[in-house]
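Hi,

Here is the structure I promised to pass on. Have a look at it first, and then read on for what turned up.

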Amino acid sequence: MCLRPSSFGLQPSDLPTLLLALTALLLTPACKPSTPSPASASAPASPAAHYTYTIVATYPHDPEAFTQGLQYIGNNTLLEGTGLPGKSSLRRVDLATGNVLKRVNLPAPYFGEGITVLGDRIYQLTWQHQKGFIYDLTTFAPVGNFAYTGEGWGLTTDGHSLILSDGTATIRFLNPDTFAVTRTIDVTLDGRPIPRLNELEYIEGEIVANIWQTHTIVRIDPATGRVTGVIDLTGILPAAEHRPDTDVLNGIAYDPATKRLFVTGKNWPRLFEIKLLPKS
Ligand SMILES: [Ca+2]
């Protein structure tokens with residue numbers, strides 16, 4: 001197994017952890033991070049790292065937004081996809097204020113799910129209608145739609161494929177032009193499948209997913225599906241901020257330029273910038 005140091009969300013105080021990973025990398029013979037070795041599947045896997053968090057910044061978030069997709073697109077703006085029949089939408093949102101700068105609605109009965117940006121297009125899944133919508137990134141004008149089997153939950157991209165979760169432990173990679181499934185990975189933690197993978201974000205070569213109805217985010221090796229890290233966000237939305245319709249954690253976004261990591265949830269009144277801390 002090639003260990004590749006990844007610094008997203010880690011603080012300078014985590015330097016010893018990074019040095020350990022770097023040492024492991026240097027001690028691994030013939031390690032070629034860009035081409036996973038066939039032997040990697042049989043090599044003993046190091047246990048998943050465990051993290052807690054610290055809140056760096058707190059921003060307003062529309063408590064009527066049943067968040068199903070979240071992506072940072074630069075200039076302190078986010079794209080957000082929301083769900084529920086008759087309340088589903090695609091939005092461009094100002095980070096600092098939470099104000100909705102642009103919005104298109106999905107007509108009922110569609111239940112909006114994950115979103116991602118590839119090129120100048122936005123792709124948006126629906127939950128059970130096996131139909132995705134494509135929009136122009138700037139104008140939100142409809143560009144087309146696409147079909148897929150099963151359910152649509154989370155969506156992200158590695159810059160080449162659309163990467164889709166569907167409520168199971170399997171993640172699909174889709175050709176963004178033909179929407180054919182090019183490969184799949186089965187996500188496992190210590191050899192056990194991890195189902196209910198929901199909102200996704202591709203961060204510095206890893207797939208990051210929150211698990212439905214939990215306070216947990218996992219870091220996934222996109223080559224093998226192995227969970228390499230488990231992030232516990234318990235308590236991030238204070239009890240005083242909960243309303244009767246406050247729902248679960250859902251929504252991960254990342255700004256690669258500044259390495260800011262954002263999370264929110266369905267109908268949460270807050271969106272958080274967080275950093276990861278190794279769990280002792
Ligand atoms: Ca996301």
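How many helices and strands does the secondary structure of the chain come to? There is one helix, and there are 22 strands. Keep in mind that this is a predicted model.

A few overall numbers first. The chain has 280 residues, and 48% of them count as buried. Its accessible surface comes to about 12,500 Å², with 58% of that belonging to carbon and sulfur atoms. If you take the contacts with a separation of 6 or more, residues 24 or more positions apart account for 51% of them.

Now the bit you'll probably want to zoom in on: the calcium ion. Its donors are Leu70 (O), Glu199 (OE), Glu199 (OE) again, Leu200 (O), Glu201 (OE) and Ile252 (O), at 2.3 to 2.8 Å. The arrangement is irregular, because the angles subtended by the six donor atoms run from 48 to 172°. An octahedral site would need opposite donors over 155 degrees apart and all other angles between 65 and 115. Along the sequence, the donor residues follow the spacing L-x128-E-L-E-x50-I. Distant parts of the chain are linked here: leucine 70 sits in strand 2 (residues 67–74) and glutamate 201 in strand 16 (residues 197–203), 131 residues apart. Both of these are buried: leucine 70 has a relative accessible area of 1%, and glutamate 201 has one of 5%.

Strand 16 also leads us to a sheet. Eight strands make up this open sheet, in the order 16-17-18-19-1-22-21-20, with mixed pairing. Strand 16 and strand 20 (249–255) are at the edges with a single partner strand each, so each has one side without a neighbour in the sheet. From one strand to the next, the twist averages 30°. Strand 20 pairs with strand 21 (residues 260–265) in the antiparallel sense, over five bridges. Across that pairing, isoleucine 252 stands opposite valine 263 of strand 21, and Ile252 is one of the calcium donors you met above.

There is another open sheet to look at, built from four strands in the order 6-7-8-9 with antiparallel pairing. Strand 6 (112–118) and strand 9 (142–147) are its edge strands, each pairing on one side only. Here the twist averages 20° from one strand to the next. Strand 6 and strand 7 (residues 121–126) run antiparallel and are joined by five bridges. Leucine 118 stands opposite arginine 121 in strand 7.

Cheers

How values were computed: Residues numbered from 1 in each chain as written. Predicted model: local features only at pLDDT ≥ 70, side-chain atom pairs only at ≥ 80, totals over all residues. Heavy atoms only, no water. Donors = N, O, S within 2.8 Å, 3.2 Å for Na, K, Ca; no water. Tetrahedral: all angles 85-135°; square planar, octahedral: opposite > 155°, others 65-115°. Helix = DSSP H or I, 4+ residues; strand = E, 2+ residues; numbered from the N terminus. Buried < 20%, exposed > 50% of the residue type's maximum accessible area, 1.4 Å probe, protein only. Pairing = 2+ DSSP bridges. Axes fitted to C-alpha atoms, helices over the stretch in contact; angles between N-to-C directions. Contact = heavy atoms within 4.5 Å. Areas by Shrake-Rupley, 256 points an atom, 1.4 Å probe, with all protein chains shown as cover.
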